[in-house]
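Let's look at a structure together and ask how each label is earned. Take your time with the picture before reading on.

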Amino acid sequence: MGRGAQTPFDGTLLIRRADGSVRRRMCKDVPVRPSHIALLPDSRLLMAGGRALKDDAGAWRPNAVVWSPEGEQETTLCVGDDIPAPVTDHGGSIWTAYGDEGSYGGHPQAAAGLAGGSTEGRAVWTPDGRLPDLPLQGGTAPTDGDHVWLVSGV
């Protein structure tokens with residue numbers, strides 16, 4: 001997977017608030033190589049890697065971790081492969097669009113091109129078939145109330 005931190009590693013998340021105050025959240029034994037972070041309800045945090053790998057038995061390894069407000073790992077999960085921009089909604093669901101390596105790479109969640117899942121790794125929404133015919137390769141994805149919007153590069 002190229003250069004990057006060897007897992008697990010310890011890190012500090014620096015949070016700068018609009019009022020100028022700074023808060024540090026220690027993250028011990030980070031089990032994934034994160035390339036994305038997203039906020040979850042109740043001051044929880046999602047760290048996700050854009051790529052997923054298989055273990056020696058052929059199962060997909062976790063590429064995301066959910067952190068409690070206290071900096072404790074709540075769960076690890078696999079959110080699919082080739083993720084350019086994950087987004088979370090106010091209910092705590094994780095929405096991901098997938099690039100071509102995810103859509104055509106054999107990961108069952110990524111094959112449709114777009115999916116919604118829970119922080120426990122359960123699917124909460126999948127399209128009926130592949131959406132669209134080409135990989136979405138989304139660049140960014142905001143939420144607004146109960147809506148999730150994806151800006152796609154297709």
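Q: Are Glu120 and Arg122 buried or exposed?

A: Both Glu120 and Arg122 are exposed. Keep in mind that this is a predicted model.

Q: What makes the contact of Glu120 and Arg122 a salt bridge?

A: The cut-off is a nitrogen within 4 Å of a carboxyl oxygen. For the side chains of Glu120 and Arg122, the N to O value is 3.6 Å, so the pair meets the definition.

Q: Why does Asp81 count as buried?

A: Buried means under 20% relative accessible area. Asp81 has 5% relative accessibility, so Asp81 counts as buried.

Q: Why is Arg51 called partly exposed?

A: Partly exposed lies between the 20% and 50% cut-offs. Arg51 has a relative accessible area of 32%, so the label fits. Glu101, at 44%, is partly exposed too.

Q: How do you know that Arg51 forms a salt bridge with Asp81, and with Glu101?

A: Good one! The closest N and O atoms are 2.8 Å apart for Asp81 and Arg51, and 2.7 Å apart for Arg51 and Glu101. The limit is 4 Å, so each pair qualifies. Because these salt bridges share partners, Arg51, Asp81 and Glu101 join into one network.

Q: Why does the pair of Arg51 and Glu101 tie together parts that are apart in sequence?

A: Arg51 lies in the loop between strand 4 and strand 5, and Glu101 in helix 1, so the pair links parts that are 50 residues apart in sequence.

Q: What makes strand 3 and strand 6 edge strands?

A: In the open sheet, with the order 3-4-5-6, strand 3 and strand 6 each pair on one side only.

Terms used
Residues numbered from 1 in each chain as written. Predicted model: local features only at pLDDT ≥ 70, side-chain atom pairs only at ≥ 80, totals over all residues. Heavy atoms only, no water. Pairing = 2+ DSSP bridges. Helix = DSSP H or I, 4+ residues; strand = E, 2+ residues; numbered from the N terminus. Buried < 20%, exposed > 50% of the residue type's maximum accessible area, 1.4 Å probe, protein only.
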